[in-house]
Amino acid sequence: MLPGVIGVMMATEAIKYIIGIGEPLIGRLILYEALGMTYREMRINRDENCPLCGDNPVITKLIDDYDAAAENPETFAPAAD
Amino acid sequence: MKSYRQIVEEAKTEIPEVTVDEIKSEQEKDSDFVLLDVRDEDEYRAGYIANAVHVTRGMLEFSVENYIPDRDQKVVVYCAAGLRSLLAAKSLREMGYTDTVSLAGGYRDWTAAGFPTEQDKPMSHEQLDRYSRHFMLTEVGEQGQAKLLDAKVLMVGAGGLGSPAGVYLGAAGVGHMGIIDSDVVELSNLQRQILHRTESVGTPKVQSATTTIKSLNPDIDITPYNLRLTADNVEEIFSEYDLIVDGCDNFATRFLVNDAAVLMNKPIVHGSIFQFEGQVSLFKPHEGPCYRCMYPTPPPPGLVPS
């Protein structure tokens, strides 16, 4: 049942975004927990040091093999040249 | 008792009228005003002045605030020939709008002057019926539906999250959907992956998903990609879509989706679940965080629940 709740929230966000109505979840993370039936909202900020979307990104192209990198997390964020 | 002529004459004493030429030149000067079209749905459907806000005369008092919250905003009201707009502008004044004027001659004079108009892609009778409940939502309306029908959305994954998302996006009339997944349907999927049926076990998930969504809504196009998203194919596939709905189930794909979307400036609707917990967000590159802002790298493999 949980994926139903989350998947429908995703569809809702997609439709809001396409039509351009309401408050999009940009910068907000919704956390839902089914056993306690709790629903929390967390502020999330863009990290200016993010290796991908930060002010000085070090990831400027895709990694060759994401499956291999997932096995070896250090390779996910290549060091700056 | 008043005749309609008396009512109109009274309104004329209160509401200034402007000509189509005046409004055209105000538009060209980028003046700050809102054009409000108060005609009926079928008149609006046949064409309207660009950027006009549409609220029918009948719904005016109920929903105008949703569109024009600032009561000091200058509002130029128009209808077909300039009578309903006078009455509408008068109603707006009664609601506290301070700067309302009526377009003399209305849409008739606007088109007669040869000024440009726009028209939404006409919807079929079946579409008008199928999506009629959306039209009752003033925030959606026919214009919102037209945006949905024009939208190109890629669903990454046709599993637990992709199922409900795909069902609702398809039913709502998202006109162009891509679905990418390399799995086949297994019996153990069916307890939650509602896109798939018992008779689909053993067939590709994208095929089963396409069949289900098309049976809900044959009005939309679906492109199935029966393959795994990789660094080699992601750019070609993403380039066809405006929005990515990420319902994947592994870190390799989630980071790939995130990296490609940021590099290509595509927004992602993010969702993930683990046991009884789930999370949702919208990652719009550079306007908010991306997945890597939260998790620069995936957790070590030993810690990843499978």
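This is a guided tour of a predicted model, going from the cysteines to the nonpolar cores, two helix pairs and two single residues.

**Cysteines**

Start by selecting Cys50(A) and Cys290(B). The sulfur of Cys290(B) is the closest cysteine sulfur to that of Cys50(A), at 3.8 Å. A disulfide needs the two sulfur atoms within 2.5 Å, so the separation of 3.8 Å is too far for a bond. Cys50(A) is buried, at 1% relative accessibility.

Next, add Cys53(A) and Cys293(B). Here the nearest cysteine sulfur to Cys53(A), that of Cys293(B), is 3.4 Å away, and Cys53(A) is in no disulfide. Cys53(A) also counts as buried, with 1% relative accessibility. Over all chains, a search of the whole structure finds zero disulfides.

**The nonpolar cores**

Now select Val153(B), Leu169(B), Val174(B), Ile179(B) and Val245(B). These are the residues that touch the most other members of the largest nonpolar core, which has 37 residues. To see where that core comes from, colour the elements that give two or more residues to it. From chain A these are helix H1 (2–19) and strand E1 (28–33). From chain B they are strand E6 (152–156), helix H10 (162–172), strand E7 (176–180), helix H11 (205–216), strand E9 (243–246) and strand E11 (277–283). Which element gives the most to this core? H1(A) does, with nine residues.

Centre the view on Ile179(B). Setting aside residues up to four places away in sequence, Ile179(B) touches a list of residues including Leu154(B), Met155(B), Val206(B), Ile213(B), Ile222(B), Pro224(B) and Tyr225(B). Ala158(B), Ala209(B), Thr210(B) and Thr223(B) are also among its contacts.

Then move to a second, separate core of 30 residues, with Ile44(A), Val156(B), Ala261(B) and Tyr291(B) among its members. As background, nonpolar side chains tend to be buried together in soluble globular proteins.

**H1(A) against H9(B)**

Return to H1(A) and add helix H9 (residues 141–150) of chain B. Their axes come within 9 Å and cross at roughly 110 degrees, which makes the two helices roughly perpendicular. On the H1(A) side, show Ile15(A), Ile18(A) and Ile19(A); on the H9(B) side, show Gly144(B), Lys147(B) and Leu148(B). By class, this contact has four nonpolar residues, one polar and one charged.

**H4(B) against H5(B)**

The next pair lies within chain B: select helix H4 (residues 60–67) and helix H5 (residues 84–94). They pack at an angle of about 70 degrees with their axes 11 Å apart, and are therefore roughly perpendicular to each other. Leu60(B), Glu61(B) and Val64(B) of H4(B) meet Ala88(B), Ser91(B) and Leu92(B) of H5(B). The residues of this contact divide into four nonpolar, one polar and one charged.

Stay on H4 of chain B and pick Ser63(B), which lies in that helix. Is Ser63(B) buried or exposed? Its relative accessible area is 3%, so Ser63(B) is buried. Not counting residues up to four places away in sequence, Ser63(B) touches Val55(B) and Thr138(B).

**Gly247(B)**

Finish at Gly247(B), in the loop between E9 and helix H13 (251–264) of chain B. Gly247(B) is buried, with a relative accessible area of 11%. Leaving aside neighbours within four places in sequence, Gly247(B) is in contact with Met10(A), Val156(B), Gly157(B) and Leu161(B). Label Gly162(B) as well: its C-alpha atom and that of Gly247(B) are separated by 5.4 Å, although the two residues are 85 residues apart along the chain.

Technical notes:
Residues are numbered from 1 along each chain as its sequence is written. Chains are lettered from A and ligands numbered from 1 in the order in which they are written. This is a predicted model: local features need pLDDT of at least 70, side-chain atom pairs count only at pLDDT 80 or more; totals for chains, interfaces and linings use all residues. Side-chain values use heavy atoms; hydrogens and water are left out. Buried means under 20% relative accessible area, exposed over 50%, partly exposed in between (1.4 Å probe, protein chains only). A nonpolar core is a set of buried Ala, Val, Leu, Ile, Met, Phe, Trp, Tyr and Cys residues joined through side-chain atoms within 4.5 Å. Helices (H or I, at least four residues) and strands (E, at least two) are DSSP runs, numbered from the N terminus. Contact means heavy atoms within 4.5 Å. Axes are lines fitted to C-alpha atoms, for helices over the stretch in contact, and angles run from 0 to 180 degrees between N-to-C directions. Angles under 35 degrees count as roughly parallel, over 145 as roughly antiparallel, 65 to 115 as roughly perpendicular and the rest as oblique. Ala, Val, Leu, Ile, Met, Phe, Trp, Tyr, Cys and Pro count as nonpolar, Asp, Glu, Lys and Arg as charged, and the others, Gly among them, as polar.
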